Protein chains: 4
Amino acid sequence: MKGDRVGLWMIGALGGIGSTVSLGLAALARNMVPNTGLVTFLPLFEGLCLNQAQDFVVGGHDIREATLEGAVDDLQKGSNIFDPVLVASCRDTLSEWQANVRPGVVIHCGSTIEKLVSHPGVIISDTAKRALLQIQSDLENFRDRNNLNQVVVLNVASTEPPYPLGEEHESLDKMSALLERRDLNAPLLPSSSLYAWAAMDLGLPYINFTPSLGSSVPALHELAVKRRTTHAGKDGKTGETLMKTVLAPMFANRNLQVLSWVGHNIFGNRDGQVLNDPENKKSKVRSKDEVIRAILGYQPQTLVSIEYIESLDDWKTAWDHIHFRGFLGVKMVMQFTWQGCDSILAAPLALDLVRLVLYAQRRGEAGVLEHLACFFKSPMVKAGRAEHDFFRQTAALEKYVRECSQGKAV
Amino acid sequence: MKGDRVGLWMIGALGGIGSTVSLGLAALARNMVPNTGLVTFLPLFEGLCLNQAQDFVVGGHDIREATLEGAVDDLQKGSNIFDPVLVASCRDTLSEWQANVRPGVVIHCGSTIEKLVSHPGVIISDTAKRALLQIQSDLENFRDRNNLNQVVVLNVASTEPPYPLGEEHESLDKMSALLERRDLNAPLLPSSSLYAWAAMDLGLPYINFTPSLGSSVPALHELAVKRRTTHAGKDGKTGETLMKTVLAPMFANRNLQVLSWVGHNIFGNRDGQVLNDPENKKSKVRSKDEVIRAILGYQPQTLVSIEYIESLDDWKTAWDHIHFRGFLGVKMVMQFTWQGCDSILAAPLALDLVRLVLYAQRRGEAGVLEHLACFFKSPMVKAGRAEHDFFRQTAALEKYVRECSQGKAV
Amino acid sequence: MKGDRVGLWMIGALGGIGSTVSLGLAALARNMVPNTGLVTFLPLFEGLCLNQAQDFVVGGHDIREATLEGAVDDLQKGSNIFDPVLVASCRDTLSEWQANVRPGVVIHCGSTIEKLVSHPGVIISDTAKRALLQIQSDLENFRDRNNLNQVVVLNVASTEPPYPLGEEHESLDKMSALLERRDLNAPLLPSSSLYAWAAMDLGLPYINFTPSLGSSVPALHELAVKRRTTHAGKDGKTGETLMKTVLAPMFANRNLQVLSWVGHNIFGNRDGQVLNDPENKKSKVRSKDEVIRAILGYQPQTLVSIEYIESLDDWKTAWDHIHFRGFLGVKMVMQFTWQGCDSILAAPLALDLVRLVLYAQRRGEAGVLEHLACFFKSPMVKAGRAEHDFFRQTAALEKYVRECSQGKAV
Amino acid sequence: MKGDRVGLWMIGALGGIGSTVSLGLAALARNMVPNTGLVTFLPLFEGLCLNQAQDFVVGGHDIREATLEGAVDDLQKGSNIFDPVLVASCRDTLSEWQANVRPGVVIHCGSTIEKLVSHPGVIISDTAKRALLQIQSDLENFRDRNNLNQVVVLNVASTEPPYPLGEEHESLDKMSALLERRDLNAPLLPSSSLYAWAAMDLGLPYINFTPSLGSSVPALHELAVKRRTTHAGKDGKTGETLMKTVLAPMFANRNLQVLSWVGHNIFGNRDGQVLNDPENKKSKVRSKDEVIRAILGYQPQTLVSIEYIESLDDWKTAWDHIHFRGFLGVKMVMQFTWQGCDSILAAPLALDLVRLVLYAQRRGEAGVLEHLACFFKSPMVKAGRAEHDFFRQTAALEKYVRECSQGKAV
């Protein structure tokens with residue numbers, strides 16, 4: 001319930017999003033910033049009794065030896081976005097939460113992520129079981145020491161390479177049977193999924209804000225229902241892809257034929273560094289590319305590039321060129337450029353998800369939270385095909401909120 | 001009913017939109033072009049039995065001494081958009097329809113439009129009554145000679161300066177009482193509204209595709225209901241404003257604060273020439289500007305400019321710069337450029353409106369057709385405030401079509 | 001000589017450029033910043049023995065009751081551009097120079113500038129003579145109290161409305177004869193020119209970084225030669241116009257026919273506020289617009305707009321759309337957007353001019369310094385037509401520097 | 001001499017540039033088009049007595065079974081750029097020149113180009129010698145049958161993959177010694193260089209408008225001097241790279257530090273199809289990328305992408321994002337988009353080169369024509385480093401023309 005103490009556990013806590021989420025929570029709790037950028041502070045959500053910033057304790061895993069304060073300072077240095085007064089006021093809280101950060105696990109993250117490991121305590125387990133136990137122990141310690149009513153696990157770590165699922169991931173029984181397999185070259189699951197497993201096995205909800213595999217595994221869907229917990233994902237829809245799911249419906253509704261849609265993305269933060277590795281980039285490009293066809297119902301030529309340009313730091317810049325055909329065969333062009341600060345766009349959406357997932361958990365929901373599709377590039381569904389049209393997604397969220405508001409708040 | 005002969009009467013028949021609508025109808029009737037750009041050819045509308053291109057006979061008023069064929073040739077020369085084979089094949093039909101074009105009326109159109117008058121038969125009536133009688137006589141002749149089941153009047157003429165309404169426009173009785181007033185300096189109504197009056201008084205539906213006053217007069221709303229006819233308007237939403245009503249909802253739904261929205265429009269067709277006159281431009285800018293506040297619920301700084309750049313001809317180019325604030329107060333920027341061909345974007349929407357209005361008339365609807373809001377920059381409503389959010393407008397149209405499809409087709 | 005103490009007296013010292021120039025000099029003197037953006041620190045200029053930052057003492061006139069420190073803080077608050085450490089380190093120097101700032105004069109600046117007057121000491125003289133004496137007294141005090149070898153006067157105040165010259169401005173004799181005329185509605189000269197007169201009459205060089213009239217008066221050209229001093233202007237070429245004079249030569253050299261060139265400028269600093277007044281804007285638009293024709297040798301359709309958009313503060317954003325015709329009559333398009341920080345672009349160029357003008361003065365040059373054309377939108381010339389092509393201007397400056405470097409340094 | 005009959009032999013005669021050059025010559029000879037886009041028709045060149053369009057006979061090699069008329073029709077269909085009347089008037093000439101087109105040679109062009117081969121007569125020689133003899137025989141036939149005073153060979157074929165030079169290319173003797181080597185996997189030279197060798201060995205000048213190796217081989221430099229003939233190249237500077245060499249000097253001259261320069265190019269013509277092959281693309285990217293560093297004198301992060309987007313056909317669209325640092329460390333952004341028609345931009349420059357090379361040949365010049373650098377992305381030089389700054393290149397050409405004009409015309 002609102003007012004209860006709740007925990008936010010972030011995988012990748014010391015990254016750009018993790019540190020901005022932490023700073024943001026600390027600033028909101030002090031009433032130092034307005035709620036701009038936070039969807040769940042719109043009037044629509046007033047009847048829902050969502051958690052307030054003051055309710056939150058932050059903790060998490062990371063693979064780098066770093067601090068929340070240092071991460072905030074780095075962002076400020078590279079991208080010049082925070083008010084120095086605000087940062088100074090929140091240092092105490094960041095420092096307090098820093099004590100809750102634990103070394104993470106690294107499995108099938110690709111060599112670029114592995115190179116980022118700098119924390120001496122990072123776990124390279126020989127079996128999935130050992131990793132799960134370690135993660136669960138960290139989560140339980142966090143919950144117990146802080147006396148938390150609820151804990152939600154949020155994945156904001158760097159993108160892993162695509163991970164192909166096999167028969168063993170079809171059911172929880174099959175997958176659990178391999179928990180003790182020792183094969184570092186063929187891990188049972190990548191890190192993102194082990195975190196999801198560990199969390200949901202404890203009945204804690206899991207949110208995947210990245211394109212990594214996370215909980216999008218049939219066996220983990222089964223687990224969520226079995227443990228009466230919830231999950232949501234994948235890949236926060238913050239900038240260029242958001243624009244695609246806003247604009248493509250317009251072309252569809254006007255019966256304008258999209259001939260080609262080219263999107264070039266450049267940025268220079270750590271996420272960009274990881275995505276500069278072609279293996280890791282694959283997951284992201286796939287996630288960004290599929291929305292056009294899904295919305296239009298046909299496949300125009302599409303091209304998505306993501307390039308690491310160091311000088312831009314956290315300022316993600318995208319150029320999209322949309323070539324379309326109108327009446328009597330005439331070709332026309334729409335172009336846009338998007339100059340957004342990645343962490344600043346992502347952090348409030350992550351907080352929105354956290355608030356809505358905690359709420360759904362209190363309502364006793366279980367399994368994938370499909371009403372959260374508008375927050376994701378690749379929304380998970382229980383069955384069937386995902387809706388990508390931003391406005392249909394928004395309408396679905398509004399419907400959910402209205403129905404909840406009419407019932408009793410939890 | 002589909003298959004019946006129906007008439008399309010255009011005010012400004014020889015302009016860019018009028019001639020493109022004509023060429024388009026002729027080409028569609030010959031199955032020479034796909035239905036790209038026509039909303040009402042989307043699968044959603046299949047159950048509605050709308051009129052086919054073959055059903056149409058075209059006629060109209062214009063104030064210039066010109067021809068449909070010449071207008072098409074001018075567009076081709078300036079903007080290089082039509083397939084020469086297509087134009088050649090349709091010349092016969094254009095020439096046939098040319099015989100249905102009559103000299104128009106000019107009242108309160110501003111001096112820039114008045115300078116365009118080149119047809120010797122243009123009516124400068126001394127009273128509104130004379131103008132009405134002349135227009136109605138033209139309309140009845142068109143219907144009778146062509147043996148038409150239905151006739152719809154579509155205003156695609158140049159934009160008039162704003163016209164302030166007075167008490168005399170509050171009711172049909174008051175307005176009718178002044179029908180014979182002789183005062184050229186204070187005309188009872190501008191041309192666009194006289195056409196609307198004339199049409200609806202004969203029970204014919206009227207569509208205002210321009211920002212001119214047209215039927216948006218209380219007394220004419222009354223007339224529509226009284227004569228059991230329908231009307232719709234104002235100002236076709238074809239390009240930059242369409243984009244605004246697509247993008248602004250995204251900023252609103254994400255709780256991103258729009259600080260300023262600047263839109264610069266440049267183009268060089270006759271519409272542009274007329275809008276170069278500050279008086280006429282006022283109507284357009286007002287229509288383009290009000291959507292932002294209506295959607296966001298607050299007023300950021302906005303600026304709309306429309307400039308006549310001759311070399312662009314019909315290629316309307318817009319640059320929009322949207323400055324917005326996100327989480328923790330960070331300012332970010334989105335920009336877009338839109339390079340569309342004005343007539344090519346407008347003509348299919350005009351045809352969509354024509355088909356849907358003819359359909360509604362057959363169903364016995366009366367008054368303003370509010371479900372057509374997605375086609376207009378300044379949608380007319382029966383009462384209350386208009387919806388500007390493109391996706392809510394679209395949802396309303398979809399709801400209407402679904403309900404109609406479930407009932408009996410007309 | 002380099003190493004000597006020299007004075008920089010700025011008209012509008014407390015504005016965006018004035019305060020950035022001051023902060024920049026203080027930071028350079030402390031070796032806290034690299035010389036990026038300063039043309040005169042390129043290797044080409046090494047042989048010239050220009051003054052170093054350490055040599056300078058700053059003073060000036062302003063009409064607002066404000067401080068250098070406050071102006072820097074405002075810029076930081078609105079545009080988020082300065083490193084807080086740098087500002088902190090330079091506060092002492094800014095505070096010291098603040099003591100040299102005097103209330104300015106206001107004559108024919110337009111009502112928008114007059115509204116900005118907040119300093120109680122601002123001089124509204126009844127005659128030009130009184131204004132001149134007051135300005136000269138301030139300049140002499142500054143020189144004497146600070147024991148300065150040279151003083152240069154730099155106009156970085158807001159843009160005045162255009163001022164039409166008459167016969168009385170043709171010669172120094174005629175103009176001087178009217179020095180005591182009392183007619184506030186028809187002032188002999190606008191403020192910018194009185195400052196120029198006052199300075200050059202004392203033998204001090206004058207630089208006009210704005211489009212105001214300044215020293216571009218035949219009588220003042222005469223004065224400069226007579227007093228053996230130098231002057232340069234008008235209107236620093238910092239952003240969009242710089243781009244025009246870079247790109248237009250390319251179109252000319254490639255024999256591509258520019259059909260239209262549209263430039264929209266938006267920004268929100270005090271300069272923008274003043275230019276929002278149509279009277280003051282005229283001077284600026286004229287200055288920005290004439291370069292295209294001058295370079296191409298013919299007049300395409302051009303359009304320049306400058307609009308005040310508050311949220312942008314000092315971030316001047318320009319969109320230019322260039323429509324051109326190539327081989328076989330094909331129309332093509334180039335567009336650019338420029339997102340520059342106005343003060344940051346202007347301040348180093350102002351410092352370059354100051355260094356080069358002080359140098360020229362030491363060399364004994366007199367009259368208009370034509371080799372400085374590359375720094376100005378509307379370069380003043382002794383006679384004939386100004387060169388606007390940026391690369392020809394640059395070549396002329398390089399030639400001057402090479403010739404000077406071969407002679408004896410001063 | 002002007003008025004003499006001269007031959008233009010194009011490698012890749014049936015491509016986009018080849019067919020536009022042919023159509024353009026035919027149209028110019030009929031005085032149907034102005035000289036827009038042709039540098040050598042600027043007043044500067046008036047004193048040079050360059051060849052007129054009427055003087056030219058066109059022929060060439062191609063590897064596809066196609067026709068000049070068909071190539072022009074394809075361009076028109078895909079890109080909608082030519083006036084139909086103009087095309088109709090020139091068909092006779094195109095058909096006449098078609099008789100001069102011969103099947104070309106294909107060696108080390110990469111598999112993508114090899115797939116384009118459709119002409120049954122294409123030569124896949126087993127030795128370089130056989131290829132040379134065949135090419136020379138075609139050239140001599142062309143010259144003799146058409147009674148031509150001069151013939152110039154122009155390479156406008158698709159881009160080959162990079163070809164690494166070895167010791168055998170150091171001198172003509174070494175290279176000639178291997179003329180009869182039979183090794184298809186390690187050809188002595190790629191096609192583009194064999195054409196150059198064949199041409200220059202006959203004393204005919206050679207122009208390389210592509211990034212392929214062509215005559216940029218030490219042994220071929222030697223040959224040119226020995227045979228008293230001229231050559232020029234490489235890679236016509238038509239669009240995005242032209243812009244780079246125009247803008248980079250501005251950043252350098254203003255001492256603004258370029259942090260990163262990203263350039264994305266999209267287009268859909270045959271050239272684009274070939275460049276879609278990563279091997280062939282390498283040559284082009286290298287050519288486009290090196291100019292920035294060469295002009296700035298340091299290496300910012302740069303990124304050049306070239307992508308095949310079919311719907312764009314010949315409309316090459318580029319987006320460049322330039323991130324730069326100014327005074328006091330402030331980061332700023334300039335972006336541009338370029339929407340140019342590739343063939344229309346390239347064809348007139350190719351004709352300019354042809355006219356200037358024929359002229360130089362008549363003057364008795366020999367070796368690389370360095371004064372033509374402004375036409376090329378990667379200008380060849382006799383020794384030392386190439387100048388890339390467009391304005392220094394232009395100044396060099398102007399100097400040459402002025403000197404020639406003062407001498408006796410040839």
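**Where chains A and B meet**

Reader: How many residues does each chain bring to the contact?

Author: This is a predicted model, where local features need pLDDT of at least 70, side-chain atom pairs count only at pLDDT 80 or more, and totals for chains, interfaces and linings use all residues. Residues are numbered from 1 along each chain as its sequence is written, chains are lettered from A and ligands numbered from 1 in the order written, and side-chain values use heavy atoms, leaving out hydrogens and water. Taking contact as heavy atoms within 4.5 Å, the tally is 59 residues from chain A and 59 residues from chain B.

Reader: Which three residues supply the most of the area that chain A buries against chain B?

Author: Buried area is the accessible area (1.4 Å probe) that two parts lose on being put together, summed over both. Here that's about 4,800 Å², with 67% from carbon and sulfur atoms. On chain A's side, 20% comes from A:Arg254, A:Phe327 and A:Leu328.

Reader: What forms a salt bridge with B:Glu398?

Author: A salt bridge puts a side-chain nitrogen of Lys or Arg within 4 Å of a carboxyl oxygen of Asp or Glu, and the two chains share two of them. In one, the closest N and O atoms are 3.4 Å apart, and the partner of B:Glu398 is A:Arg392.

Reader: In β10(B), what is the bridge partner of A:Trp338?

Author: Strands here are DSSP E runs of at least two residues, numbered from the N terminus, and two strands pair if DSSP finds at least two bridges between them. β10(A) and β10 of chain B (residues 331–341) run antiparallel, joined by seven bridges. Across from A:Trp338 in β10(B) sits B:Met334.

Terms used. Helix = DSSP H or I, 4+ residues; strand = E, 2+ residues; numbered from the N terminus.
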